[in-house]
Every structure is written in C-alpha cells, then in structure tokens.
Amino acid sequence: MVLPYASRRFSGVTVYGAIGTGLQSPCFYISGSTNQTDFAAFIDEIVPQIVPGDVKPVLVIDGHRAHLTVINRELMERHFTVMQMTPSSCEFNSIEWLWSLIKRKFRSNMARLVGTIHSQSDLEHSVEDTLQELDDSTI
C-alpha cells in the first residue's frame, strides 16, 4: 500500500500480507518499496508460520515484477502452491478484502493524526498501529 500523499514528503510504505488456514497466524511485513528483495524477505517471514502438513498453502500473487523474478518464483514454488491472478480478478483473492479494510482504518487513523506525522518512521509506526488494531475476528 503506497500512500499517495506520502510520496510528496516520504518515500512511501508498502505492506505485504498473508492470511489463511495454512498459516499459524496472519503475517504482515512493512517495507519501503515493492521490490524483489523485500518480497523475498516477506516470503521468509511467512515460511515459519506454515502449519506443518502434507499440503502446501496456496499463495495468490498478482503480476508485479517483484513476484515474477526467477529467484522469487523458485522460493515461492518451494513452499507454496502458486496461483497467479489475472489483472482483473482481484475480487477472487481474499487478501484484497483485508487490504480494503486496512486502508479504511488507516485513512480514519490518519484523519485523527493530521500534523503528527513528521518522518518516514512516524508513517511506518502509523501503519503498524493500524495493523495492530486488527483482531482474529476481523481476519
């Protein structure tokens, strides 16, 4: 999630997320950008959360180039069954509903915090606070 107004003052914030029955808990990873290195770090965050068993969890990805590098493709296929969405199929990906909720909560929080975000770190902490507000019943 890159915030449009933040790009004028800060470098922006990207949040990666994973939810599902194959994970011990929801996983979120906050980064400054969407690139192959940060996406690989996100995958490394998810792998320890995979519930042990015979069936690989399904990882649904879009066509972002960070997902499609050879190294990341191999990393994903080692730990997940990978399904790539077509450009117009976001409504079939359950994480999209969660992103919508997170963005609404974040916008609401930002409305209350006008004038208090002075650095990239402040922005990242605001995103972290929003993610902390989510509870198991929401996810």
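# A friendly tour of helix α1 and its neighbours

Q: How many aromatic pairs does the structure hold?
A: Rings of Phe, Tyr and Trp (its six-membered ring) pair if their centres lie within 6.5 Å. This is a predicted model, in which local features need pLDDT of at least 70, side-chain atom pairs count only at pLDDT 80 or more, and totals for chains, interfaces and linings use all residues. Residues are numbered from 1 along each chain as its sequence is written, and side-chain values use heavy atoms, leaving out hydrogens and water. The number of aromatic pairs is one.

Q: Is the pair formed by Phe 39 and Phe 42 stacked, edge-to-face or tilted?
A: Planes under 30 degrees apart count as stacked, over 60 as edge-to-face and the rest as tilted. The ring centres of Phe 39 and Phe 42 are 6.2 Å apart and their planes meet at 45°, so the pair is tilted.

Q: Which helix holds both Phe 39 and Phe 42?
A: Helices here are DSSP runs (H or I, at least four residues), as are strands (E, at least two), numbered from the N terminus. Phe 39 and Phe 42 are three residues apart, about one turn of the helix, and both lie in α1.

Q: Is Phe 39 buried or exposed?
A: Buried means under 20% relative accessible area, exposed over 50%, and partly exposed in between (1.4 Å probe, protein chains only). Phe 39 has 3% relative accessibility, so it counts as buried.

Q: Which element gives the most residues to the largest nonpolar core?
A: A nonpolar core is a set of buried Ala, Val, Leu, Ile, Met, Phe, Trp, Tyr and Cys residues joined through side-chain atoms within 4.5 Å. This one has 17 residues, of which Phe 39, Phe 42, Ile 43 and Ile 46 touch the most other members. At least two residues each come from β1 (14–18), β2 (27–31), α1, β3 (58–61) and α2. The top contributor, with five residues, is α1.

Q: Why do α1 and α2 count as roughly parallel or roughly antiparallel?
A: Axes are lines fitted to C-alpha atoms, for helices over the stretch in contact, and angles run from 0 to 180 degrees between N-to-C directions. Angles under 35 degrees count as roughly parallel, over 145 as roughly antiparallel, 65 to 115 as roughly perpendicular and the rest as oblique. Helix α1 (residues 36–46) and helix α2 (residues 70–79) pack at about 10°, with axes 10 Å apart. That makes the two helices roughly parallel.
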